[in-house]
Protein chains: 2
Amino acid sequence: MSTRPAATLAQRKRQVVSDELTGAALQLLARKGYDAVTIDEIVATAGVSRRTFFRYFASKEDVVVRFLADLGAGMCAALAARPAAERPSAALRHAVAGTLAACGDHADRALRVVQLILGTPALHARFLERQAEWRDELAAELARRLDLDPGTALYPQLAAGMALTAFNTVLARWSGSDGTEDPAALLAGAFAVLAPALDAPQGTATA
Amino acid sequence: MSTRPAATLAQRKRQVVSDELTGAALQLLARKGYDAVTIDEIVATAGVSRRTFFRYFASKEDVVVRFLADLGAGMCAALAARPAAERPSAALRHAVAGTLAACGDHADRALRVVQLILGTPALHARFLERQAEWRDELAAELARRLDLDPGTALYPQLAAGMALTAFNTVLARWSGSDGTEDPAALLAGAFAVLAPALDAPQGTATA
DNA sequence: CCTACTTTGGCACTCAGTGTCAACGGTGTC
DNA sequence: GACACCGTTGACACTGAGTGCCAAAGTAGG
């Protein structure tokens, strides 16, 4: 919900409205389900006009997905911050782990949002679309790290895709178990499977 | 577009309408872009009522995505048909290759549809959502093949995700090169990267 | 020919999303 | 303090997607 205190008053006011909208939307959607809630209900709860809603969010889906969207940017930043000498599997694992940890901080709310997204086709679709953007950014960062040509090498795209596959698998398990299973442990297990491909010297193909 | 001759007359008529609608939609959408085309234009071109459109397709996105949706079912079937003794990487590679080949049959039309989907956020989102369903089915099939418990083992979900990552990467490259690059060759390259993880004896993790 | 069933078209309705404009509220400047 | 400037807001109108409903047309079967 809230991020930083922000400097100017206008920015702070904007943040307040955004938070109010997000809070109202998340509460209503989690309680009644995605389709059963209209924008009019949300804005009535938040106390702003319908038009204002669309000045803060591009669509009804956006309110929910935004909540997880920042994670993507964080993941790329985390990858870029890893030491250059680190093996790809370790760098990606830490990047994803950091994102997952940020998710765990919000605890309950995050779990409910994830369950809402994974359980609502329209939201799931938007979520995956956002992820496709992360994938491209992660791939670009990987190509930079390994000094590969993004135009010809398949590895960066594939490695980024594998990392996100791990992320999604962990998310699905975590959400399916109502937060019972430990995300960190699941992630470690996932990367144990993926590591041979992520760190292979290339050309060790046996198929 | 067309599938089988169909037996009864009613079914054949239904098929004709469906084809007409799909054809009109694909032609208009590819020419003018997704947002610039309304359902009214599509039904006017196809010569049916607006209401009828929604009796054949759930949404505007559906017309386009349906075109590739059958591929998913084919992919699962192809995997199930592979010999049980085959290594996972080979079985998955053949399953994806078959799907890609089916894509190549329609040649031009398939290329334009893929480019339309990948270039339109709303369509891309729906496409990825469909893929998530394929992923679950592929994972279930893999778990059956390897006699793993889908409830605990992460491997099936991850392997299915990797295969679809390869599929998507190849599709993106193929579409980006306007059909110049060879899908089969790209797929082989992708699976060369993934194979070490797909076929690893499990526990060879080095992270 | 009459009946039962399916398909279709037309209509009205809800809701998402956008463009426009006028009113409001701070922020600076003279 | 009066002024002009700029961003935010609310209200209204409009397009387009998607749904429910009902009556008409076509089809199959007795």
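Which residue of chain B has a backbone N or O atom 3.3 Å from a phosphate oxygen of DNA strand D? In this predicted model, that residue is B:Ile39. Residues are numbered from 1 along each chain as its sequence is written, and chains are lettered from A in the order in which they are written. Local features need pLDDT (the predictor's confidence in each residue, from 0 to 100) of at least 70, side-chain atom pairs count only at pLDDT 80 or more, and totals for chains, interfaces and linings use all residues, while side-chain values use heavy atoms, with hydrogens and water left out.

Around DNA strand D there are 20 residues, of which A:Thr52, A:Arg55, B:Arg50, B:Arg51 and B:Lys60 come nearest; a residue is near a strand if one of its heavy atoms lies within 4 Å of it. Of the atoms of DNA strand D that come within 4 Å of the protein, 51% belong to sugar and phosphate. In chain A, an N or O atom in the side chain of A:Thr52 is 2.5 Å from a phosphate oxygen of DNA strand D, and a polar backbone atom of A:Ser49 is 3.0 Å from a phosphate oxygen of the strand.

For chain A, the mean pLDDT is 91, and 94% of residues reach 70 or more. Over residues 203–207 of this chain, pLDDT stays under 50, and the model has 6 contacts beyond four places in sequence for them, a contact being heavy atoms within 4.5 Å. Leaving aside residues up to four places away in sequence, A:Glu61 touches A:Tyr34, A:Ala122, A:Leu123 and A:Arg126.

Notes
Polar contact = N/O pair within 3.5 Å; in protein donor to acceptor, adjacent residues only side chain to side chain.
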